[in-house]
Amino acid sequence: MPSASAAPGRHREAVRPLLLGGRRALVDGHPICACCGAAVVPHGPDRWRHLPAGKPYPRRSRWLAPITLAELRELPTYEDFAARYPDAVRPAGGPASATTEQDWIEGRRRLETYHAALGELGRSRLGPAGNPYLELVAILAGGPPGVGPLRLSPGLARMLDLPGRRRELAGRLAWAIPNEAALACVADHSPVLDGGAGTGYWAALLRLRGVDVRAVDTAPAASGGNRFHQADAPGFAQVERLSTEEAVRADPHRTLLLCWPPPDDDAAGYGALRAYRGDTLLYVGGDQDGPTGTVRLHRELALNWTLAEEFGLPSWPGIPDRLTVWRRKPGRRPQRGLDRCPECGRFQPVGAIGRCDRCFTARPPALAVRVDGRRVEYPQHVVDRMPPALRAALSDSPNRIC
C-alpha cells in the first residue's frame with residue numbers, strides 16, 4: 001500500500017481534495033488528496049496543496065472558514081463574492097446547491113438584519129409575550145418559522161452559515177427554540193422544575209406567562225463555567241446552582257422539565273429521571289438517534305414511560321427537536337437489555353459501540369481507527385471497496401489501531 005507521506009511530490013501539479021457524495025472526505029478532521037490520501041490545505045480560492053511532512057494541520061484556514069458578514073461587506077459585487085468563494089458558486093454538489101446572485105443579495109440583507117437584532121439582545125429585556133430567539137430565527141428563515149427544520153435553498157443556507165448561527169444562539173440563549181405551543185404545554189403542567197436550565201431562557205419565558213418555575217443547573221450560565229454556553233451569555237432568569245437530581249428530591253411536587261440533557265452525562269438525564277417521583281415528564285430534544293440524552297435515558301423512557309403528547313419545535317437542519325410529554329407506567333421494569341458485544345454476547349459498558357475488546361484482540365479487522373474516542377472497525381470487504389486515496393489516508397492515520 002502506498003505511503004501518503006511519500007506521495008505529495010508525485011502529485012504536485014494537480015492537487016484536489018477527495019470527494020465522497022459531493023462532499024470533501026475528511027480523515028482525522030481534515031481534507032485528503034484525491035490521488036494519494038495525504039492531507040491537503042487550501043492556499044487560495046479553489047487551490048490546494050499537500051501539507052508539508054511533519055507539519056501539524058492548521059487549526060483554522062480562512063479558505064475553509066464559513067462566509068462571514070465582515071467579509072461580505074468587503075465584497076461589493078457578486079463577481080467579487082464568486083472570486084473569493086468559488087466553492088459556493090461552483091460547488092461539488094452541482095448547480096442545485098450553488099449560491100446564486102439572488103442568494104447572495106438576500107443572504108447579505110438577512111445577515112445585516114440578524115446581527116443588528118443580535119446586538120440588541122443583551123440590552124433589551126424580555127417582554128410579556130416576547131421571544132427574541134424565535135424572532136432571530138424568523139429573520140434567518142425569511143418569515144415566522146414553522147415546526148421542523150428551517151427550509152432554505154442550499155445556496156442561501158450556506159450564505160447564512162446555519163451551523164454557525166445555531167452555535168451562536170445556543171451558546172447565548174438555549175439549545176432548543178421555544179414556540180408558543182410548547183410554552184403553553186409546559187404551562188399546563190405548572191409548577192415546573194427546569195433541570196439543566198443554563199441561561200434560564202425557557203424559565204424566563206415561562207415566568208412571563210405566569211408559570212411557577214424553579215430553574216436549576218450545576219453550572220448556571222450567568223456564573224460562568226458552563227461548557228454549553230458562552231462565558232458572556234446573559235442570564236435571563238435566576239438559576240440556582242443545584243443538580244437536577246438534588247432538586248427533584250428536594251422539590252418532588254414539581255413536574256420535571258428536561259431540555260436538551262447532554263448525550264454524555266447520565267446524571268443530567270437518566271440520574272435525574274430515576275430520582276424523580278412524579279408521573280409526568282416534559283422532555284425537549286431528539287430520540288435515541290441523538291443528539292440529546294444518553295443511551296440509558298432513552299432506554300428508561302422506552303421501558304417505563306409512555307409517550308402521551310408531542311409538539312414540534314422550530315429547529316435547525318439535521319436537528320429533530322420536539323417537546324414530548326411522557327406518563328410513567330405502573331411498576332418499573334429494570335434495564336436488562338444492556339449493551340452486549342454483537343459477536344460473543346458479553347456485557348459492555350453502557351453506550352459502547354461495536355465488538356468487545358476481547359473479540360477485537362482475538363479476531364482483529366482489516367483496518368480500525370479511533371474517532372472521537374471510539375473504535376471504528378472496517379472489515380476486509382469494506383476496505384476493498386474504498387477509494388484508494390481513502391484507504392491510504394486511513395492506513396497512515398496516527399489514529400489507526402490496526
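This report walks through the nonpolar cores, helix 5, the aromatic contacts and one buried arginine of a predicted model.

**The cores**

Let us start with the largest nonpolar core, which has 58 residues. The members that touch the most other members are Phe 81, Tyr 133, Leu 169, Trp 202, Val 284 and Trp 316. Helix 9 gives this core its largest share, 6 residues. A second, separate core has 16 residues, among them Leu 273, Tyr 276, Leu 301 and Trp 326.

**Helix 5 and Tyr 133**

Tyr 133 also belongs to the buried residues of helix 5 (residues 132-141), together with Pro 132, Leu 136, Val 137, Ala 138 and Leu 140. What do these buried residues pack against? Their partners are helix 4 (101-121), helix 6 (154-160), helix 7 (162-172) and helix 9. Leaving aside neighbours within four places in sequence, Tyr 133 itself is in contact with ten residues' worth of company that includes Leu 169, Trp 175, Pro 178, Tyr 201 and Trp 316. Just after helix 5 comes Gly 142, with a positive phi of about 85 degrees.

**Aromatic rings and charges**

The whole structure holds 6 aromatic pairs. One of them joins Tyr 201 and Phe 236 in an edge-to-face arrangement, 5.1 Å centre to centre and with 85 degrees between the planes. Tyr 201 sits in helix 9 (residues 201-208) and Phe 236 in the loop between strand 9 (213-217) and strand 10 (240-241), so this pair ties together parts that are 35 residues apart in sequence. Both residues, Tyr 201 and Phe 236, are buried.

Elsewhere, ring pairs link Tyr 78, Phe 81, Tyr 85 and Trp 104 into a cluster. Tyr 85 has an arginine over its face, as does Tyr 270; the table lists both.

| Arginine | Ring beneath | Distance to ring centre |
|---|---|---|
| Arg 84 | Tyr 85 | 4.4 Å |
| Arg 296 | Tyr 270 | 5.3 Å |

**A buried arginine**

Is Arg 322 buried or exposed? With a relative accessible area of 18%, Arg 322 is under the 20% cut-off and therefore counts as buried. This residue lies in strand 15 (residues 322-328). The side chains of Arg 322 and Glu 310 are joined by a polar contact of 3.0 Å. Beyond its neighbours within four places in sequence, Arg 322 is in contact with Tyr 283, Val 284, Gly 285, Gly 286 and Asp 287, and also with Glu 310, Phe 311, Gly 312 and Leu 313. Among these contacts, Val 284 has already appeared as one of the best-connected members of the largest nonpolar core.

How values were computed. Residues are numbered from 1 along each chain as its sequence is written. This is a predicted model: local features need pLDDT of at least 70, side-chain atom pairs count only at pLDDT 80 or more; totals for chains, interfaces and linings use all residues. Side-chain values use heavy atoms; hydrogens and water are left out. Helices (H or I, at least four residues) and strands (E, at least two) are DSSP runs, numbered from the N terminus. Buried means under 20% relative accessible area, exposed over 50%, partly exposed in between (1.4 Å probe, protein chains only). A polar contact is a pair of N or O atoms within 3.5 Å; within protein, one must be able to donate a hydrogen and the other to accept it, and residues adjacent in sequence count only if both atoms are side-chain atoms. Contact means heavy atoms within 4.5 Å. Rings of Phe, Tyr and Trp (its six-membered ring) pair if their centres lie within 6.5 Å; planes under 30 degrees apart count as stacked, over 60 as edge-to-face and the rest as tilted. A charge sits over a ring if NZ of Lys or CZ of Arg is within 6 Å of the ring centre and within 35 degrees of the ring normal. A nonpolar core is a set of buried Ala, Val, Leu, Ile, Met, Phe, Trp, Tyr and Cys residues joined through side-chain atoms within 4.5 Å.
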